[in-house]
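Student: I would like a close look at one part of this chain. Please take the salt bridges, and then work outward to whatever surrounds them.

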Amino acid sequence: MTGSHVKALLLAAPFVFVASIASAGGSIPTTVTTTNNDPSLFLGMSWTFGSGGAPGTPGITLKALSTNKRDSGALTGGVTYNFDGTFGCDIGVAYNTSGATITSSYDICKRGFQMGLGATKSPTTTTTTSYMNTDQNR
């Protein structure tokens with residue numbers, strides 16, 4: 001048997017296998033994976049920059065994000081408890097990476113820009129396997 005015959009035999013083997021399953025009334029599995037990207041909550045540390053030369057303040061922030069899709073941008077809005085005893089309310093944008101979320105927003109209450117770093121819930125992934133019936137006699 002020559003090299004070209006072996007190559008032709010190897011290329012034909014998968015087709016023979018599928019054809020034998022189909023003629024025997026077997027099933028061919030099909031797998032589909034779906035990722036559900038939903039609105040999510042963000043919890044993290046923030047730094048609100050002071051306005052008019054006031055010093056900035058660190059804090060803990062809780063925000064709602066428009067999506068938890070990884071490696072994607074999102075809209076955000078939330079509240080912050082600053083360690084100087086004040087509260088803030090902000091709107092802005094976020095970027096979800098595979099391990100963390102970064103926010104950039106404007107604190108309406110304190111009238112200053114804010115940066116945040118924290119976490120969101122990961123998107124849920126659903127994997128479904130179905131079997132295609134190849135029995136032609138039904």
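Tutor: Start with the count: the model holds 2 salt bridges. Keep in mind that this is a predicted model.

Take the pair of Asp-90 and Lys-63. Their side chains meet in a salt bridge, at 2.6 Å from N to O. Asp-90 sits in strand S5 and Lys-63 in strand S3, so the bridge ties together parts that are 27 residues apart in sequence. Now check the burial of each partner. Buried means under 20% relative accessible area. Asp-90 has 2% relative accessibility, so it counts as buried. Lys-63 has a relative accessible area of 1%, so it is buried too.

Next, the pair of Lys-110 and Asp-84. Here the salt bridge spans 3.2 Å, N to O, between the two side chains. Both partners lie in loops: Lys-110 between S6 and S7, Asp-84 between S4 and S5. The pair therefore ties together parts that are 26 residues apart in sequence. What about exposure? Lys-110 is at 24% relative accessibility, so it counts as partly exposed. Asp-84, at 42%, also counts as partly exposed. So one bridge has two buried partners, while the other has two partly exposed ones. As for the general principle, side chains of opposite charge can pair when their charged atoms come close.

Go back to the buried pair and look at what touches it. Thr-80 is a good guide. Thr-80 belongs to strand S4, residues 72-82. Its relative accessible area is 1%, so Thr-80 is buried. Leaving aside neighbours within four places in sequence, Thr-80 is in contact with both Lys-63 and Asp-90. Other residues on that contact list include Ser-46, Gly-59, Ile-60, Thr-86, Phe-87 and Gly-88. Thr-61 and Gln-114 are on the list as well, and with these two Thr-80 makes side-chain polar contacts. The one to Thr-61 is 3.0 Å. The one to Gln-114 is 3.1 Å.

Now follow strand S5 to the disulfide. A search of the whole structure finds 1. Cys-89 and Cys-109 form it, with sulfur atoms 2.1 Å apart. The pair links distant parts of the chain, 20 residues apart: Cys-89 is in strand S5, and Cys-109 is in the loop between S6 and S7. The link is right-handed, with 90° about the S-S bond. Cys-89 has a relative accessible area of 26%, so it is partly exposed. Cys-109 is at 46%, so it counts as partly exposed as well.

Stay with the loop between S6 and S7. Lys-110 of the second salt bridge lies in this loop. So does Arg-111. Arg-111 is not a glycine, yet its phi is positive, at about 55°. Its relative accessible area is 59%, so Arg-111 is exposed. Asp-71 also has a positive phi, near 55°, and is likewise a residue other than glycine. Asp-71 lies in the loop between strand S3 (57-65) and S4. At a relative accessible area of 52%, Asp-71 is exposed.

Then there is the nonpolar side of the surface. A patch of about 990 Å² is made by Trp-47, Phe-49, Ile-91, Tyr-95, Ile-102, Tyr-106, Ile-108, Phe-113, Met-115 and Leu-117. Strands S5 (87-96), S6 (101-107) and S7 (112-120) are the elements that give two or more residues to it. S7 supplies the largest share, 3 residues. Tyr-106 is one of the patch residues, and its place is in strand S6. At 33% relative accessibility, Tyr-106 counts as partly exposed.

Finally, put these parts in the whole chain. There are 1 helix and 8 strands. Along the sequence the pattern is α-β-β-β-β-β-β-β-β. Of the 138 residues, 26% are buried. Among contacts with a separation of 6 or more, 52% join residues 24 or more positions apart. The accessible surface comes to about 8900 Å², with 67% belonging to carbon and sulfur atoms.

Notes: Residues are numbered from 1 along each chain as its sequence is written. This is a predicted model: local features need pLDDT of at least 70, side-chain atom pairs count only at pLDDT 80 or more; totals for chains, interfaces and linings use all residues. Side-chain values use heavy atoms; hydrogens and water are left out. Helices (H or I, at least four residues) and strands (E, at least two) are DSSP runs, numbered from the N terminus. Buried means under 20% relative accessible area, exposed over 50%, partly exposed in between (1.4 Å probe, protein chains only). A polar contact is a pair of N or O atoms within 3.5 Å; within protein, one must be able to donate a hydrogen and the other to accept it, and residues adjacent in sequence count only if both atoms are side-chain atoms. Contact means heavy atoms within 4.5 Å. Accessible areas come from the Shrake-Rupley method with a 1.4 Å probe; for residues, only the protein chains shown count as cover. Patches are made of residues with over 30% relative accessible area and no salt bridge: like charges are joined within 9 Å, nonpolar side chains (Val, Leu, Ile, Met, Phe, Trp, Tyr) within 5 Å. A salt bridge is a side-chain nitrogen of Lys or Arg within 4 Å of a carboxyl oxygen of Asp or Glu. A disulfide is a pair of cysteine sulfur atoms within 2.5 Å.
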